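This report introduces a protein to a reader who has not met it before. Please look over the sequence and the model first.

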Amino acid sequence: SYYEYLKAKYTRKRDLLVGALKEVGFAVPNYEITPGGGFFIFARAGREIADMIPQKYIMAKNEAAPGGVARQDWALCQWMAEEVGLLCIPSSPFFSLDKAEQGASDSFIRVAFCKNDETIE
């Protein structure tokens, strides 16, 4: 059916992006035991990735960021967009302001896999 086709197509795309993210040092959920949904992967940046973020991005003033400051998730996304060429979404808007300001969202980003295979690869 059409829905089985869609599920297979986007499961394959998700798995392709999971592999790429793991290869460069991100941790991702195990979708064999963790339910997934939508077209995004909630990935955690490892220490090596966090250490690559230029200091100019970390804790910089950013009116769009929760609390007006670019914590690590925002800094990582901004750096990746501006210098690496990969667009992803900071996780802090998905946390309460209190938790985001405490750093609970610092290591996480959202990455979409509703893209063509060439973009994911």
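The paragraphs below go from the whole chain to three chosen residues.

The model is predicted, and for that reason local features need pLDDT of at least 70 and side-chain atom pairs count only at pLDDT 80 or more, while totals for chains, interfaces and linings use all residues. Residues are numbered from 1 along each chain as its sequence is written, and side-chain values use heavy atoms, with hydrogens and water left out.

The protein has 5 helices and 6 strands, where helices (H or I, at least four residues) and strands (E, at least two) are DSSP runs numbered from the N terminus. Along the sequence these elements appear in the order α-β-β-α-β-β-α-β-α-β-α. The radius of gyration is 15 Å, close to the 14 Å that the globule rule gives for 121 residues, so the protein is as compact as a globular protein of that length; the radius is taken over C-alpha atoms, and the rule is 2.2 Å times the number of residues to the power 0.38.

Of the 121 residues, 35% count as buried, a word that here means under 20% relative accessible area, with exposed meaning over 50% and partly exposed in between (1.4 Å probe, protein chains only). Among contacts (heavy atoms within 4.5 Å) between residues at least 6 apart in sequence, 51% join residues at least 24 apart.

Three residues show these terms at work.

| Residue | Place | Relative accessibility |
|---|---|---|
| Lys13 | helix α1 (residues 2-23) | 6%, buried |
| Met59 | loop between α2 (47-52) and β3 (60-61) | 48%, partly exposed |
| Ser91 | loop between β5 (89-90) and α4 (97-102) | 0%, buried |

The side chain of Lys13 makes a polar contact with the side chain of Asp117 at 2.8 Å; such a contact is a pair of N or O atoms within 3.5 Å, of which, within protein, one must be able to donate a hydrogen and the other to accept it, and residues adjacent in sequence count only if both atoms are side-chain atoms. Leaving aside residues up to four places away in sequence, Lys13 touches Phe113, Lys115, Asn116, Asp117 and Ile120.

For Met59, phi is near 60°, a positive value in a residue other than glycine.

The side chain of Ser91 reaches the backbone oxygen of Ser105 at 2.8 Å, and a polar atom of that Ser91 side chain lies 2.9 Å from the backbone oxygen of Phe108. Both Ser105 and Phe108 are among the residues that Ser91 touches, together with Phe42, Asp73 and Ile109, when residues up to four places away in sequence are not counted.
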